[in-house]
Amino acid sequence: TTALKSGALRHDIHYWLGKDTSQDEAGAAAVKTVELDAALGGRAVQYREVQGHETEKFLSYFKPCIIPQEGGVASGFKHVQEEEHKIRMFVCRGKHVVHVPFARSSLNHDDIFILDTKSKIFQFNGSNSSIQERAKALEVVQYIKDTYHDGKCEVAAIEDGKLMADAETGEFWGFFGGFAPLPRKTASDEDRTVQSHTAKLLSVEKGQAKPVDADSLTRELLDTNKCYILDCGLEVFVWMGRNTSLDERKTASGAAEELIRGSDRPKSQIIRVIEGFETVVFKSKFESWPQTTNVAVTEDGRSKVAALLRRQGLNVKGLAKAAPAKEEPQPYIDCTGNLQVWRVNGQEKVLLPASDQSKFYSGDCYIFQYSYPGEDKEEYLIGTWIGKQSVEDERVSAVSSATKMVESMKFQATQACIHEGNEPIQFFSIFQSFIVFKGGLSDGYKNYIAEKEIPEGTYTEDGLALFRVQGSGPDNMQAIQVEAVASSLNSSYCYILHSGSTVFTWAGNLTSPDDHELVERQLDIIKPNLQSKPQKEGSESEQFWELLGGKSEYPSQKTAREPEGDPHLFSCTFSK
């Protein structure tokens, strides 16, 4: 279960099928998965995992690997300590660790093998294996040592192609009846890769999968009242429309199982998605997929399912109510790091003192460097902030300076380009309190307005200024300078208005006590040590309206953040 930025929960459900499981049990697992998804509100992505061909996602949950026990439940749970230690051999391919017959014919030059004997674990490194694979295999060796030998046994690495020089190599080959060169790897069934073929869309009707005629795959082909199978070779997706019943979903899953069983594709993975909660990978198979689709996610499905499961004698506490989605997305970044900020001035950059590093001007561009503790090392983020009124030359200069900083750090840093008005939540949490003033201080901006004869509107402390205050709390609050006129007000926000030493705060009728607290905090930064005159919407003083040039209409709707689109990854190729 993961929490999305909106605070809503997303679930991934995996069902795992052992290689010797019966068809009935595999079918039952598939059906139970559909029921569990329905119980969780019908929004989970469901994965069918087959022993030896598990998805990367599934394997990532188990560190460093899973080693399935032989036999069924009855034998799997007996303690085997009393028995004689059986020699076992495993092959490590990427993240998969697979049991192989203990025989010389299992070995090859491309993979890494682990031979687990009573007193010693051998890691045999095929001559064509990579450093990464060797490191991964070493974790598996350590895991076997801790799990099956109580951490008390020797470990030896055997290099493929090294002759019998050392005793351990001799000991290893002794288990196979002496050294003999390995044959070239023959293509076994294991290594037959499923050719990725063009995606075929099938609709499931009365339990049968029928091909859908279409020149290209588009979102419009999917009808909310039906289930579909999208066959992409290695991946087989089942798409379940919002308005389909539990039985139809179970039938569609059965049809997908049938499809891969019939065409003998043991490696194919089945991934089931529900309308409105499709994965990025699924959407990417379509030529066009609208940015937002309005799917009514009803909560009544939950209570129906909860009732159904209650009848089956299951405890369903907490299923019938869904957690309300929090409006503010959550920042996934450590906010205790170290921040430095530069303002771009022509071709150079000027370091800002700590007291000014969260005060930005709309006519300028800035570069920031943020370092914070990552999982295993310091992480660096280098970014540019481009003001709406900034000039083209300084935008270019900002990006090229930031790029040079990233290069000088041997590309260890992440680089971000941020535009005023579209800042991500992580940016605001790094700065915590953030102010945007009108105008600019850089030479580029000053020259530009002088040339174009634009009136100078840059913020001055003793001038007239109106700020809109927004944010979710002390560690994410912003004050944005807006035109000092009544039409800039909005009932969903609080404002600060100052002229010389006169300071007003204004609270819209739709604001909360939390919003009022933010105004006080921002006031301490913008106009410290001055007593403000609080105004409530509807009972303002005449002086307040006079400063704004008179009353006028203004909106009351909160300006919504654009919904976050899916991330897109682009690869760049350079011909020269």
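This is a short walk through one chain, from its overall make-up to one helix, one strand and one surface patch.

Keep in mind that the model is predicted. The chain has 576 residues, and 42% of them are buried. Its secondary structure comes to 13 helices and 26 strands. Now the contacts. Take those between residues at least 6 apart in sequence: 64% of them join residues at least 24 apart. The chain exposes about 32200 Å². Carbon and sulfur atoms supply 52% of that area.

Next, helix α9. It covers residues 392-408, which is 17 residues. How far apart are its end C-alpha atoms? They are 25 Å apart. At 1.5 Å a residue the helix should span 24 Å, so the two values agree.

Which residues of α9 are buried? Glu394, Ser397, Ala398, Ser401, Ala402, Met405 and Val406. Note that a glutamate and two serines are on that list, along with Met405 and Val406. These buried residues pack against several strands: β15 (338-345), β16 (348-351), β18 (365-373), β19 (378-386) and β20 (414-419). They also pack against another helix, α11 (443-452). After α9 comes Lys410, with a positive phi near 55 degrees.

Let's move to β15, one of the strands that the buried residues of α9 pack against. β15 is mostly covered, with six of its eight residues buried. It pairs with β18 and also with β16. With β18 the sense is antiparallel, over six bridges. Look for Val341 on β15; its bridge partner in β18 is Phe368. With β16 there are four bridges, and again the strands run antiparallel. Here Val344 stands opposite Lys349 in β16.

β15 and β16 make a hairpin, with two residues between them. What is the sign of phi at Gly346 in the turn, positive or negative? It is positive, about 65 degrees. One general point while we are on strands: in a regular strand, side chains alternate between the two faces of the sheet.

Last stop, the surface. Ile87, Phe102 and Phe175 form a nonpolar patch there. Together the three have about 220 Å² of accessible area. Where does Ile87 lie? In the loop between α3 (73-76) and β5 (88-93). Its relative accessible area is 31%, so Ile87 counts as partly exposed. A patch residue needs over 30%, so Ile87 passes that cut-off.

To recap: α9 packs its buried residues against β15 and its neighbours in the list, β15 pairs with β18 and with β16, and Ile87 sits in a nonpolar surface patch.

How values were computed: Residues are numbered from 1 along each chain as its sequence is written. This is a predicted model: local features need pLDDT of at least 70, side-chain atom pairs count only at pLDDT 80 or more; totals for chains, interfaces and linings use all residues. Side-chain values use heavy atoms; hydrogens and water are left out. Buried means under 20% relative accessible area, exposed over 50%, partly exposed in between (1.4 Å probe, protein chains only). Contact means heavy atoms within 4.5 Å. Accessible areas come from the Shrake-Rupley method with a 1.4 Å probe; for residues, only the protein chains shown count as cover. The expected span of a helix is 1.5 Å times one less than its number of residues. Two strands pair if DSSP finds at least two bridges between them. Patches are made of residues with over 30% relative accessible area and no salt bridge: like charges are joined within 9 Å, nonpolar side chains (Val, Leu, Ile, Met, Phe, Trp, Tyr) within 5 Å. A salt bridge is a side-chain nitrogen of Lys or Arg within 4 Å of a carboxyl oxygen of Asp or Glu.
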